[in-house]
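Here are my notes on the model, set out as numbered points. Please read them with the structure open.

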Amino acid sequence: GVLAFAFTDIQNSTHLWETFPLMADCLELHNDLVRSLILRHEGYEVKTIGDSFFVAFPDCGRAVRFAVELQVELMHVSWPEPLLSLPDGLEVTGASGELLWKGLRVRVGVHVGEAKLDVNSQTLRADYF
């Protein structure tokens, strides 16, 4: 049937893993937030690959609300202070002083369309193609 999918990816994560000793802590904070929002928006975590999530939602509205809320909530995570001094974690404010960005930058793409369900016979986890 028709489903909505969200794909996330931490911007510049390879560089962060190579140069930032607290990246594992940041990834844990990121993962906790993503998983809480998946539940809140009635999604299904299809799989993770590295720091990326592949998530299925029953409709486009839930997927888009997940994506937007993730961007907002990322600014309110208690990131390790050293991250906020890096180009990939700096706090950015607008001309009026409003918070535009803080912490890890995470890209999110949303796709809606027909999906073929494949259930792994050993793990009983769903995957989509």
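1. This is a predicted model. The axes of helix H2 (residues 23-40) and helix H3 (residues 60-74) come within 10 Å, and they cross at roughly 145 degrees. The crossing of H2 and H3 is right-handed.

2. Which residues make the contact of H2 with H3? From H2 they are Leu-33, Val-34, Leu-37, Ile-38 and Arg-40, and these meet Phe-66, Glu-69, Leu-70, Glu-73 and Leu-74 in H3. By class, the residues of this contact comprise seven nonpolar and three charged, with no polar ones.

3. H3 also takes part in a surface feature. Val-2, Val-64, Val-68, Val-72, Val-110 and Val-112 form a nonpolar patch on the surface, and together they have about 430 Å² of accessible area. Two elements, H3 and strand E6 (106-114), give two or more residues each to the patch. H3 supplies the largest share, three residues; Val-64 lies in this helix.

4. The salt bridges are the next item. With a side-chain nitrogen of Lys or Arg within 4 Å of a carboxyl oxygen of Asp or Glu as the criterion, the count is six. One pair to inspect is Asp-9 and Arg-107, whose side chains meet in a salt bridge at 2.5 Å, N to O. Asp-9 belongs to strand E1 (residues 2-10) and Arg-107 to strand E6, so this pair ties together parts that are 98 residues apart in sequence.

5. Strand E6 therefore deserves a look on two counts: Arg-107 of E6 is a partner in that salt bridge, and E6 gives two or more residues to the nonpolar patch.

Methods
Residues are numbered from 1 along each chain as its sequence is written. This is a predicted model: local features need pLDDT of at least 70, side-chain atom pairs count only at pLDDT 80 or more; totals for chains, interfaces and linings use all residues. Side-chain values use heavy atoms; hydrogens and water are left out. Axes are lines fitted to C-alpha atoms, for helices over the stretch in contact, and angles run from 0 to 180 degrees between N-to-C directions. Helices (H or I, at least four residues) and strands (E, at least two) are DSSP runs, numbered from the N terminus. A crossing is left-handed if the near helix is turned anticlockwise from the far one by less than a right angle, and right-handed if clockwise. Contact means heavy atoms within 4.5 Å. Ala, Val, Leu, Ile, Met, Phe, Trp, Tyr, Cys and Pro count as nonpolar, Asp, Glu, Lys and Arg as charged, and the others, Gly among them, as polar. Patches are made of residues with over 30% relative accessible area and no salt bridge: like charges are joined within 9 Å, nonpolar side chains (Val, Leu, Ile, Met, Phe, Trp, Tyr) within 5 Å. Accessible areas come from the Shrake-Rupley method with a 1.4 Å probe; for residues, only the protein chains shown count as cover.
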